[in-house]
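The exercises below are meant to be worked with the sequence and the model open side by side. Each begins with a task and is followed by a solution in steps.

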Amino acid sequence: MAIGRVARRDRAKTRRKRTYVIPVAAIVVLAIAAIGTGVALGVFRAAPDGVESVEVPVPTGTPATSFETSLAASQDASGTETMVEVPDVLGKPLQEADMLLEIAGFTVTHVATPAGESATGTVLAQDPASGSVMVRGTVITLTYADDGTGIDPTSSRNNPSAAGTGRVYVVCIDPGHQDKANNEGEPIGPGSKTLKPKVTGGASGAVTKQHEPDFALKVANRLKKLLEDQGVKVVMTRTTGAVDISNAQRAEVANAANADLFIRIHADGSTNGDIRGLSTLYPAGNDWVKPITAESLSAAKLVHKELLLTTGAVDRGIVERKDIAGFNWSKVPAIIVECGFMSNPVEDKLLASEAYQAKLAEGMTAGIMTFLRGD
Ligand SMILES: [Zn+2]
């Protein structure tokens, strides 16, 4: 039940923050919403750096999503118990089933059974059954069809047979954002009731008007090529802007791939056009990311150092973050590179140039390869 405790602490912090970061009118609206539903809707301060970008409040006037509704229905009078209805995941691919259950607040374990007629990886049974109302954090056992190739994502990472000579490293690249923002809420971490927009729109260039999602994809494509040249297997969270993938879902892509590193590519924006420079973020400071903090920091340091060498960018440092859904949902080491400020006219033009994009990809590759090889 550690997750439940974290969620409650998180919520308490969010409430304290609210008292000084949002207008009185918004507090009244929220108070009414909270009394009416018992749900603490996630509200964030606008972050100075642009990751998962400007952290807009989940609109209180819009219809509740089914997720919010299920939370509202599951709270008792004290507002602290967290009973949740188990979703139906029978027949779904294992990864999707995991994600649905984790988003609902459950912990998942897997049992393999011979595939028979079923497609490998399909969920054949779930215990407790769908429709049961269980305490948040309850372990749900999924029995899935296995054709013997070992698709269980929980068992292949750190598998001794995968180590040693001939090891193929896997890197998951997440080009930040997408063409259209999706401001529906999703839990900031597994089991959390604090919601955050699924994916924001990103920054745009002060001079060039380039759009951060396009920039991120260009750098990601270059990075993919360079890593593949090094024999690394690359998994992309998206290869086009015309997608709708939340930050939590992006982390789940990295988890499903058992990635050795999950690297997320972003650019910053600020209302102050003078600010420029490159920073590298890593997850730290909450129980969700504790298992990945040390390795993530190690990767962040190596990648950051190489990026400064190849780009000559202003050094804005290595920054720990505990408020990023795409980190909190990750079970593999994760970093975000904020490549520069699109709001700075000089850096905007650099970020738009192919030569600078190549330098970014080269720096990332050098740092990643050092991290993967552990030398
Ligand atoms: Zn961004």
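**Exercise 1. A proline and its peptide bond**

Locate P128 among the strands, and state what kind of peptide bond joins D127 and P128.

Solution. Begin with the place in the chain: in this predicted model, P128 belongs to the loop that runs between β3 (123-127) and β4 (133-135). Then look at the bond that joins D127 to P128, for which omega is about 0°, and this makes it a cis peptide bond. As background, most peptide bonds are trans.

**Exercise 2. The zinc site**

Identify the protein donors of the zinc ion, describe their spacing along the chain, and decide whether H177 and E212 are buried or exposed.

Solution. First, list the donors: the zinc ion is held at 2.0 to 2.1 Å by H177 through NE2, E212 through OE and H266 through ND1. Second, read these donors along the chain, where they follow the spacing H-x34-E-x53-H. Third, place two of them: H177 sits in the loop between β6 (170-175) and β7 (182-187), while E212 is in helix α6 (residues 212-229), so the pair ties together parts that are 35 residues apart in sequence. Fourth, apply the cut-off, by which a residue is buried when its relative accessible area is under 20%. H177 has a value of 2% and is therefore buried, and E212, at 0%, is buried as well.

**Exercise 3. Two residues with positive phi**

Find the loops that hold K209 and N258, give the phi of each residue, and classify each as buried or exposed.

Solution. Start with K209, which lies in the loop between β8 (195-199) and α6 and has a positive phi, near 65°, although K209 is not glycine. Because exposed means a relative accessible area over 50%, K209 with its 60% is exposed. Turn next to N258, which is found in the loop between α7 and β10; its phi is also positive, near 50°, in a residue other than glycine. With a relative accessible area of 16%, N258 is buried. For background, most residues other than glycine have a negative phi.

**Exercise 4. Contacts across the sequence**

Where does A257 lie, and which residues is A257 in contact with, leaving aside its neighbours within four places in sequence?

Solution. The position comes first: A257 is in the loop between α7 (247-256) and β10 (261-268). Once neighbours within four places in sequence are set aside, A257 is in contact with V170 and V235. Finally, compare sequence with space: A257 and C172 are separated by 85 residues in sequence, yet their C-alpha atoms are 7.4 Å apart.

Terms used
Residues numbered from 1 in each chain as written. Predicted model: local features only at pLDDT ≥ 70, side-chain atom pairs only at ≥ 80, totals over all residues. Heavy atoms only, no water. Donors = N, O, S within 2.8 Å, 3.2 Å for Na, K, Ca; no water. Buried < 20%, exposed > 50% of the residue type's maximum accessible area, 1.4 Å probe, protein only. Contact = heavy atoms within 4.5 Å.
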